[in-house]
Amino acid sequence: MADGDFDPSLLSENQREALGTYTAVTNQEPSTAISLLERSQWNVQIAIAKFFDGEAPDPVEEARSAIASSPAPPTGSSHQETLMNGFSRSLRPPDRTRLDAAPRIVPQSEHQAVYRPPFILALVLMPFNLVYQLISYTFGLFGNLFPFLPRLLSGLAGSRAQSRRQRDPSERRPLNARDTAARFIREFEEVYGRHELSFFPDGYAQAYDLAKKDLKFLLVVLLSPEHDDTLTFVRGTLLSPEVVNYINDPQNKIILWAGSVQDSEAYQISNALNCSKFPFAAVVAHTPQDSSTSMSTIARISGLTPPATFVARIRSAISQHSTTLDRARASRNEQQATRNLREEQNSAYERSLAQDRERARQRREEEEARSRKEKETKAKAQAAERAIRDMEQWRQWRAQSIPAEPSGSGEGVTRVSIRMTSGERVVRKFSAESGMEDLYAFVECYDILSGGLASSSTSAPPGYQHKYGFRLVSPLPRVVHEFAGDKTIGERIGRSGNLLVEFIDDDDNDT
């Protein structure tokens, strides 16, 4: 398509989208970008790589032009077509859209490495170990016998070690991941001054895990202090306002981790990310299209790069993968919402179940209390009925054992006038030697005796202890005659007496 004949309406929707992405990254005119996109089969990544890395000769186009310019072979057209197809397939460029996996690097300090030889090798080396221990013991013995030898040998060894340290001033003490990151940040500020970049304050593995967990982009920057372009790259590109603002923009979701290849961790990361030139930057992100846990390198920036190009390449990589991460983030949010909804439903179900259990417990306790009360009421009623029945049986039994009224009115006879609670006055003679209990029993069983209802075959109810619900009182002067004690009727009342029957109240302590 010629430059003057450019018409956006002739492009398909996918081609217009690819053209917009390419021009946003490279800032080229659409008419100029069309030819490069056509040569790249409308693959935006290949076109951008050709723009920044330089466009090599296309073997496919060269082969096609060579075949078109060469004379036709004497064979048939079908054979020529078969050769063309096979040759074109053999010269098809490799798939450059495939992303390289970004491994998780967990460095191990040198002092943590412990070598354990195999068991067979340990057996083979055992004699040498014994010889070494014997020699060490011998030298120790000589050291005790000649004390000046250890000081002399230690002085020689110290001078050699000092000379080695003087020959190797760049040796860095290995630290753990967090301390290594803190040392890099401190050294970076000492060399380049205060800045607004927010370096991740922990190791690469922790930044890697956070980017995977939060579905963010991990920007890895590797610097070599000995490289000539490091100072220019840091001051001119990394600390430029354009790059700093883009990295610090929270909408871009970037985690910045940087390190020096003089440290073991950064050196291992440079090998894992296929770093070929310093300064080096790479963007690592989660690629759910590969697997649910995969992390891949979606962009690499090697060497000295202008700030606009640096930001453009990062923006291009992020824009191409933002849709995928947004879908993964939406899916994860949906799963989390579903999980939260399920937890809320389970919690509501547990609360409802607890309430039902509490109501069931209360109903059970109420039923038990009602059943217990009914049993107590029934037991009291049965006890009252049994008490009435036993008292009636006792009255029948006691009525037949009351002594008969003595005849005459001489010595040993006491005449008693008793006013019952009904108002009836009963006059009866008792033996003066009878106990007061006979007088009480007469009053208790008077209705049976007066009606002739006494039965001679009634026995005393077993285990029944009768309690009189009244007492006998002389009116003037008022004297209460108790039936308890050893005194007889004659001793209490004399030859004659008037008595009143009084009921005993429940709150009265007198019997």
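This passage describes the nonpolar cores, one helix, one buried serine and the cavities of a predicted model.

We may begin with the interior. The largest nonpolar core comprises 35 residues, and within this core the most contacts are made by F188, F199, L219, V221 and I314. Two or more residues each come from α8, β2, α10 (230-238), α11 (241-248), β3, β4, β5 and α13 (307-399). The top contributor is α13, which supplies 7 residues. A second core, separate from this one, has 25 residues, among them A399, L439, Y440 and F470. Such grouping fits a familiar pattern: in soluble globular proteins, nonpolar side chains tend to be buried together.

L219 offers a handy view of the largest core, being one of the residues with the most contacts inside it. Setting aside residues up to four places away in sequence, L219 touches I247, I254, I255, L256, W257, A281, A282, V283 and I314. I314, one of these partners, is likewise listed among the residues with the most contacts in the core.

Helix α9 comes next. Spanning residues 204-214, α9 has Y204, A205, A207, Y208 and A211 as its buried residues. These buried residues line one face of the helix, because they fall within an arc of 165° when seen down the axis of α9. The general geometry is well known: an α-helix has 3.6 residues a turn, so residues three or four places apart point the same way. The packing partners of the buried α9 residues are β2 (217-223), β3, α12, β4 (280-286) and β5 (295-302). Just after α9 comes L215, with a positive phi near 55°.

Helix α12, one of those partners, also contains S270. This serine has a relative accessibility of 4% and therefore counts as buried, the cut-off being under 20%. Beyond its neighbours within four places in sequence, S270 is in contact with L222, V261, C275 and F278.

Finally, the empty space inside the model deserves a look. There are 2 cavities of 30 Å³ or more, and the largest cavity has a volume of about 40 Å³. Its lining is formed by T180, A181, F184, W257, A258, G259, S260, D263, E265 and A266. Of the lining residues, 5 are nonpolar, 3 polar and 2 charged. At least two lining residues are supplied by each of α8 (177-192), β3 (254-260) and α12 (264-272), with β3 giving the most, 4 residues. W257 of this lining is also a contact of L219, while α8 and β3, which help to line the cavity, contribute to the largest nonpolar core as well.

Technical notes. Residues are numbered from 1 along each chain as its sequence is written. This is a predicted model: local features need pLDDT of at least 70, side-chain atom pairs count only at pLDDT 80 or more; totals for chains, interfaces and linings use all residues. Side-chain values use heavy atoms; hydrogens and water are left out. On a 1 Å grid over the protein atoms alone, a cavity is a set of points where a 1.4 Å probe fits but cannot get out, and a pocket is an open set with protein on both sides within 12 Å along at least five of seven lines; lining residues have an atom within 4 Å of a point. Grid points are joined across faces, edges and corners, and a volume is the space filled by probe spheres set on the points. Ala, Val, Leu, Ile, Met, Phe, Trp, Tyr, Cys and Pro count as nonpolar, Asp, Glu, Lys and Arg as charged, and the others, Gly among them, as polar. Buried means under 20% relative accessible area, exposed over 50%, partly exposed in between (1.4 Å probe, protein chains only). The arc is that of the directions from the helix axis to the C-beta atoms. Contact means heavy atoms within 4.5 Å. A nonpolar core is a set of buried Ala, Val, Leu, Ile, Met, Phe, Trp, Tyr and Cys residues joined through side-chain atoms within 4.5 Å.
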